[in-house]
Amino acid sequence: MTKELKHKKNKNMNSKLIIIFEGKPMNADLIKQVLNDNGIDACLKDQLMGTIAPWQVSAGGFEPVKVEILEEDKEKALKLIDEFNKSS
């Protein structure tokens with residue numbers, strides 16, 4: 001979890017982290033960047049293990065890396081991810 005995301009979560013104790021995207025390491029990193037560039041704090045979960053041993057973090061190694069955000073950013077994040085997927 002990034003320092004910014006941790007600080008934002010601590011600031012609003014009712015916020016919880018949710019997984020907004022699961023995929024290959026490269027795709028998860030791109031989604032994270034899109035979210036960060038649009039003002040949504042996001043972090044990658046299982047980035048290292050998803051790269052070197054994906055079967056350790058997900059069944060069959062399928063979509064091993066996750067992007068986490070605060071639940072309050074969910075709607076905006078889903079719209080950005082949808083726009084990103086349509087453009088690529």
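This report describes the fold, strand pairing, nonpolar core and charged contacts of a predicted model.

## Overall architecture

The secondary structure of the protein chain consists of four helices and three strands. Read from the N terminus, these elements follow the order α-β-α-β-α-β-α. Of the 88 residues in the chain, 34% count as buried.

Among contacts with a separation of 6 or more, 67% are between residues 24 or more positions apart. The accessible surface of the chain comes to about 5,800 Å². Carbon and sulfur atoms account for 51% of that surface.

## Strand S3 and its partners

Strand S3 spans residues 65–70. Six of the six residues of S3 are buried, so the strand is largely enclosed by the rest of the structure. Val65, Val67 and Ile69 point one way from S3, while Lys66, Glu68 and Leu70 point the other way. The residues on both sides of the strand are buried, the charged side chains of Lys66 and Glu68 among them.

S3 pairs with S1 in the antiparallel sense, through six bridges. Within this pairing, Ile19 stands opposite Glu68 of S3. S3 also pairs with S2, again antiparallel, over three bridges. Here Leu44 is the residue opposite Val67 of S3.

## The largest nonpolar core

The largest nonpolar core has 15 residues. Those that touch the most other members are Ile20, Phe21, Leu35, Val67 and Ile69. Four elements each give two or more residues to this core: strand S1 (17–23), helix H2 (25–37), strand S3 (65–70) and helix H4 (74–87). Val67 and Ile69, both named above as core residues, point the same way from S3, together with Val65.

Leu35 illustrates how the core is connected. Leaving aside residues up to four places away in sequence, Leu35 touches Ile20, Ile40, Ala42, Val67, Ile69, Ala77, Leu80 and Ile81. Of these partners, Ile20, Val67 and Ile69 are also among the residues that touch the most other core members.

Leu30 is found in helix H2. At 39% relative accessibility, Leu30 counts as partly exposed. The C-alpha atoms of Leu30 and Val67 are separated by 10.0 Å, and the two residues lie 37 positions apart along the chain.

## Salt bridges

Side chains of opposite charge can pair when their charged atoms come close. A search of the whole structure finds two salt bridges. One of them joins the side chains of Lys66 and Asp46, with an N to O distance of 3.3 Å. This pair links distant parts of the chain, since Lys66 belongs to strand S3 and Asp46 to the loop between strand S2 (43–45) and helix H3 (47–52), 20 residues apart. Lys66 has a relative accessible area of 10% and is therefore buried. Asp46 has a relative accessible area of 25% and is therefore partly exposed. The side chains of Lys66 and Asp46 are also joined by a polar contact of 3.3 Å.

The other salt bridge is formed by the side chains of Lys86 and Asp82, also with an N to O distance of 3.3 Å. Because Lys86 and Asp82 are four residues apart in helix H4, about one helical turn separates them. Lys86 has a relative accessibility of 66% and so counts as exposed. Asp82, at 38% relative accessibility, counts as partly exposed. The bridge within helix H4 thus involves an exposed lysine, whereas the bridge from strand S3 involves a buried one.

## The loop before strand S1

Ser15 lies in the loop between helix H1 (3–11) and S1. With a relative accessibility of 8%, Ser15 counts as buried. The side chain of Ser15 is joined to that of Glu72 by a polar contact of 2.7 Å.

The loop position is also close in space to a residue far along the chain: the C-alpha atoms of Ser15 and Glu71 are separated by 6.3 Å, although the residues lie 56 positions apart.

Definitions and conventions: Residues are numbered from 1 along each chain as its sequence is written. This is a predicted model: local features need pLDDT of at least 70, side-chain atom pairs count only at pLDDT 80 or more; totals for chains, interfaces and linings use all residues. Side-chain values use heavy atoms; hydrogens and water are left out. A nonpolar core is a set of buried Ala, Val, Leu, Ile, Met, Phe, Trp, Tyr and Cys residues joined through side-chain atoms within 4.5 Å. Buried means under 20% relative accessible area, exposed over 50%, partly exposed in between (1.4 Å probe, protein chains only). Contact means heavy atoms within 4.5 Å. A salt bridge is a side-chain nitrogen of Lys or Arg within 4 Å of a carboxyl oxygen of Asp or Glu. Two strands pair if DSSP finds at least two bridges between them. A polar contact is a pair of N or O atoms within 3.5 Å; within protein, one must be able to donate a hydrogen and the other to accept it, and residues adjacent in sequence count only if both atoms are side-chain atoms. Accessible areas come from the Shrake-Rupley method with a 1.4 Å probe; for residues, only the protein chains shown count as cover.
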